[in-house]
Amino acid sequence: MKLSIKDLSPAGKRVLMRVDFNVPQDKEGAITDDSRIQGALPSIQHLVDAGAKVILMSHLGRPDGEKNPKDSLKPVADRLGELISVPVKFAGDCIGDEAAAAVVDLNNGEVLLLENVRFYAGETNNDPEFAKQLAANADIFVNDAFGTAHRAHASTAGVTDHVEQSAMGFLIEKELEYLVDKLEVPPRPFVVIMGGAKVSDKIKILERLMEKADAFIIGGAMANTFRLAQGYDMGKSFAERTDEAMEMARGILATAEKNNTPFHLPADTRHTLDFCDDAETECTGIWGEEGTAVPADREGIDIGDVACKDFAEVIASAGTVIWNGPMGVFEKRGFDIGTKAVGKAMAENEKAITIVGGGDSVTAANQFGFGDKMDHMSTGGGASLELLEGKELPGIAALDNK
Ligand code: AMP
């Protein structure tokens with residue numbers, strides 16, 4: 001069990017907290033979505049209330065070791081100041097004299113945001129000297145940036161070698177609670193929904209969850225690959241068409257059959273001639289019935305109407321649902337029907353533990369208005385996939401054990 005922010009006695013201590021303030025911005029630099037800042041507020045407020053000197057650090061964009069003003073965190077400091085009741089100070093550097101002076105000026109219960117840690121190449125290289133400089137003004141380290149916890153960077157891992165204590169913040173604690181603890185003995189049936197582009201990206205999760213899940217639901221272009229592997233005609237659909245991918249898909253299907261685990265592929269597929277918003281679409285017949293195919297000039301872009309109904313039924317009877325990857329090209333109007341149907345079925349199953357595993361599925365759940373109905377919406381795409389694969393994340397492994 002990792003040390004938690006709740007286990008600390010931070011009064012009067014300099015607490016350096018890694019947060020994920022990598023917010024989306026428009027061309028003028030205005031913040032277009034502040035949910036990552038909002039997400040860090042519980043940990044920040046906890047430390048403020050406890051009378052700590054709160055020093056925040058984050059990356060923003062990809063400055064690749066250069067001090068690019070476009071990637072400055074100053075606008076984030078301003079926004080954070082509007083969201084929290086204490087003044088937020090800003091230091092124009094994350095190490096060196098400027099950072100040190102700003103920390104000396106900091107009173108108990110005050111907040112300081114340091115400039116972008118990725119202005120130094122030592123951040124992503126996990127350079128021990130850079131990590132030491134980051135930690136020079138801190139007594140305690142807290143990691144609350146789940147989205148970068150799968151990377152061994154100076155601000156997520158290296159820094160822990162140079163402080164008295166290293167703990168996880170509330171965001172990471174909740175991610176572990178849902179993506180690890182609750183899945184140890186999940187209320188059953190445990191249904192895993194996988195979609196998105198490629199089987200090869202998610203094969204390790206499929207294999208790992210095969211031991212635990214009671215049923216799988218597969219959608220997105222992934223489902224096209226499985227249908228191809230079964231010998232069906234998928235027209236111009238996006239799919240992984242290599243021999244290797246076919247073998248991988250057949251291997252998964254064989255394991256599911258051997259284990260007697262229901263593996264729900266879409267009964268039908270929605271396809272189109274034109275890959276654009278509001279294009280005309282049509283559903284195939286039922287796969288396996290004579291003549292069912294995606295026509296040669298058309299592309300499967302979503303699950304069909306029968307599949308939507310089937311999947312909703314499986315989800316309605318679940319005790320635990322984890323969802324990773326859209327059922328179709330949900331970014332285009334009219335190709336989002338399957339993704340909406342799955343999100344809706346999860347939102348309506350109030351007795352189940354519902355977990356949305358990061359990235360596009362979180363975007364989709366929010367876009368369609370189901371986000372606040374889910375028990376957990378992961379704040380990390382790559383990090384949540386790695387946790388589900390059973391990997392140890394360096395930014396969590398480096399924290400103190402209790
Ligand atoms: P991933 O990052 O693997 O979760 O993949 C997400 C992407 O898969 C989204 O951008 C979707 O548009 C895309 N996608 C889902 N279904 C299909 C499909 N049938 N054909 C092409 N792309 C798809």
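**Figure 1. Cys276, a partly exposed cysteine.** In this predicted model, Cys276 has a relative accessibility of 36% and so counts as partly exposed (buried means under 20% relative accessible area, exposed over 50%, partly exposed in between; 1.4 Å probe, protein chains only). Where is the closest cysteine sulfur to that of Cys276? That sulfur sits in Cys283, 17 Å away, which is too far for a bond. Another cysteine, Cys94, is buried, with a relative accessible area of 1%. A search of the whole structure turns up zero disulfides, a disulfide being a pair of cysteine sulfur atoms within 2.5 Å. As a reminder, a disulfide is a covalent bond between the sulfur atoms of two cysteines.

A word on conventions: residues are numbered from 1 along each chain as its sequence is written, and side-chain values use heavy atoms, with hydrogens and water left out. Because this is a predicted model, local features need pLDDT of at least 70 and side-chain atom pairs count only at pLDDT 80 or more, while totals for chains, interfaces and linings use all residues.

**Figure 2. His271 and its surroundings in strand β10.** Strand β10 covers residues 269–272 and includes His271; helices (H or I, at least four residues) and strands (E, at least two) are DSSP runs, numbered from the N terminus. Is His271 buried or exposed? His271 is buried, at a relative accessible area of 3%. Leaving aside neighbours within four places in sequence, His271 is in contact (heavy atoms within 4.5 Å) with several residues. Among them are Glu280, Thr281, Glu282, Cys283 and Thr284, and also Val294, Pro295 and Arg298. The C-alpha atoms of His271 and Gly304 are 8.4 Å apart, although 33 residues separate the two along the chain.

**Figure 3. Thr225, buried in helix α8.** Helix α8 runs over residues 220–229 and holds Thr225, whose relative accessible area is 0%. Which residues does Thr225 contact, leaving aside its neighbours within four places in sequence? They are Val199, Ala239, Glu240, Ala245, Met246 and Ala249.

**Figure 4. The cis peptide bond from Arg188 to Pro189.** Take a look at the backbone here: omega of this bond is near 0°. Pro189 is placed in the loop between α6 (170–181) and β7 (190–194). Most residues other than glycine have a negative phi, and most peptide bonds are trans.

**Figure 5. Asp64 and Asn126, two loop residues with positive phi.** Phi of Asp64 is near 50°, a positive value in a residue other than glycine. Asp64 lies in the loop between β2 (53–57) and α2 (74–83) and is exposed, with a relative accessible area of 67%. Asn126, not a glycine either, has a positive phi of about 50°. The loop that holds Asn126 lies between α4 (121–124) and α5 (128–135), and Asn126 is partly exposed at 23% relative accessibility.

**Figure 6. Setting the close-ups in the protein chain, with its 14 helices and 15 strands.** The radius of gyration of the chain, taken over C-alpha atoms, is 23 Å, close to the 21 Å that the globule rule (2.2 Å times the number of residues to the power 0.38) gives for 402 residues, so the chain is as compact as a globular protein of that length. Along the principal axes, the C-alpha atoms fill a box of roughly 75 × 45 × 40 Å. Of the 402 residues, 55% count as buried. Among contacts between residues at least 6 apart in sequence, 73% join residues at least 24 apart.
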